[in-house]
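Me: I'm new to this one, so could you walk me through it with a few questions and answers?

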Amino acid sequence: MVTPSKHDDERNEALKKAVWQDKALTQALQSLDAQTKVTEPKKVKRHNNAWLWGSALAASVIMAVIGVTQLSPEENKTNSVVVAAQQYIATEATDITLSDGTHVALNTQTNLQFNENNKLRQATLSKGEAYFAVKRDEQRPFTIDTGNATISVLGTAFNIDKTLRETTIDVFHGKVAVTTPDNAQRVELIKGQRARVNANHIIVTTFKAEQPDWQLGWLDLENVTINDAIFQLNRYTDKPLVLSNVDANLRVSGRFKTADVLGAASLIAQLNQLELNQYNDSIVLSADPKLEFK
């Protein structure tokens, strides 16, 4: 609740005086009084009621004006803004359309939140991967927050992949600006450019794909940690991959079919001298072939 200040009281008194001195309002009240006298000259009580009604009308006009003037600018702004909020939790690949008309293809195991008003459009990709075809709106920029990167656009098409410790942005059309959380680095990407954001650093490279690999059933890993590789493969399987006694600094590169996670895990194990064991509830990659699992 906003507490009126002394300045507000003085302004309200001045406002009341100005309303009562308004000629149009005074004439309207006098006209109402005169009509009452003509129609019922002997019924003074009704005449008084009419005057009271007119006074109440004037008072309500004053209070309405005062009520509007006492609203804070923030309250007026909020009341004039149409807000839309949407949240999506995709357990499988799903195509959606946001309230602003932007089309988004969500990869499996992806969480997306979206909010818009008459000044801006904001999305948060808290988990997973998504391909955005943003509807152009020069008056309302479209921003996406992934935690370790902010992506800003007007209208374009690009893919964002949020993994364990980094965010990868691939631009397929238009231009995208990528900024680190501390605002220390900012780059602009065009079609065919990729940015990897990690620990407040942005590394820009190029690619030649015409659409995201995940939409074609592939997972491309380029010198990522084995933890990140397992994290991404686990998007595509109900039986999770688990690491045991594996060096966290081990790096993985390769192109794997998302429909064959077991085959991908087997290839990673072969290339890195790891032991692979299957269990009812998991697939375990271990650096110690003598390790027993229960």
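What follows is a short chat about the chain, its cores, its sheets and one of its helices.

Me: Before we dig in, what kind of model is this, and what pLDDT do local features need?
Reply: Residues are numbered from 1 along each chain as its sequence is written, and side-chain values use heavy atoms, with hydrogens and water left out. This is a predicted model in which totals for chains, interfaces and linings use all residues, side-chain atom pairs count only at pLDDT 80 or more, and local features need pLDDT of at least 70.

Me: How many helices and strands does the chain have?
Reply: Helices here are DSSP runs of H or I with at least four residues, strands are runs of E with at least two, and both are numbered from the N terminus. On that basis the chain comes to 6 helices and 18 strands.

Me: What percentage of the 294 residues count as buried?
Reply: Buried means under 20% relative accessible area, exposed means over 50%, and partly exposed is in between, using a 1.4 Å probe and protein chains only. Across the 294 residues, the buried share is 38%.

Me: Which strand gives the most to the largest nonpolar core?
Reply: A nonpolar core is a set of buried Ala, Val, Leu, Ile, Met, Phe, Trp, Tyr and Cys residues joined through side-chain atoms within 4.5 Å. The largest has 29 residues, and Phe132, Ile151, Phe158, Ile169 and Val178 touch the most other members. With 4 residues in this core, the top giver is strand 5 (residues 121-133).

Me: And how many residues are in the other core, the one with Leu219 and Val261?
Reply: That core lies apart from the largest one. Its members include Leu219, Ile226, Val261 and Ile283, and its size is 26 residues.

Me: Which residue in strand 13 stands opposite alanine 195?
Reply: Two strands pair if DSSP finds at least two bridges between them. Strand 12 (residues 193-198) runs antiparallel to strand 9 (residues 166-173), with 5 bridges, and isoleucine 169 stands opposite alanine 195. Strand 12 also runs antiparallel to strand 13 (residues 201-206), with 6 bridges. There, the residue opposite alanine 195 is valine 204.

Me: Which residue takes a positive phi in the hairpin of strand 12 and strand 13?
Reply: This hairpin has 2 residues between the strands. The phi in question is near 50°, and the residue is alanine 199.

Me: Which strands stand at the edges of the open sheet with the order 15-18-17?
Reply: This sheet has 3 strands with mixed pairing. Each edge strand has a single partner strand, so one side of each is left without a neighbour in the sheet: they are strand 15 and strand 17.

Me: Which residue in strand 18 stands opposite glutamate 275?
Reply: Strand 17 and strand 18 run antiparallel and are joined by 4 bridges. Opposite glutamate 275 sits serine 286.

Me: Why do the buried residues of helix 6 line one face, and what arc do they fall within?
Reply: Helix 6 (residues 261-271) has Val261, Ala264, Ala265, Ile268 and Ala269 as its buried residues. The arc is that of the directions from the helix axis to the C-beta atoms. Seen down the axis, the buried residues line one face of the helix because they fall within an arc of 135°.

Me: Which exposed residues does helix 6 carry on the face turned away from its buried side?
Reply: What covers the buried residues includes helix 5 (226-233) and strand 16 (251-257). The face turned away from them carries Gln270 and Leu271.

Definitions and conventions
Contact = heavy atoms within 4.5 Å.
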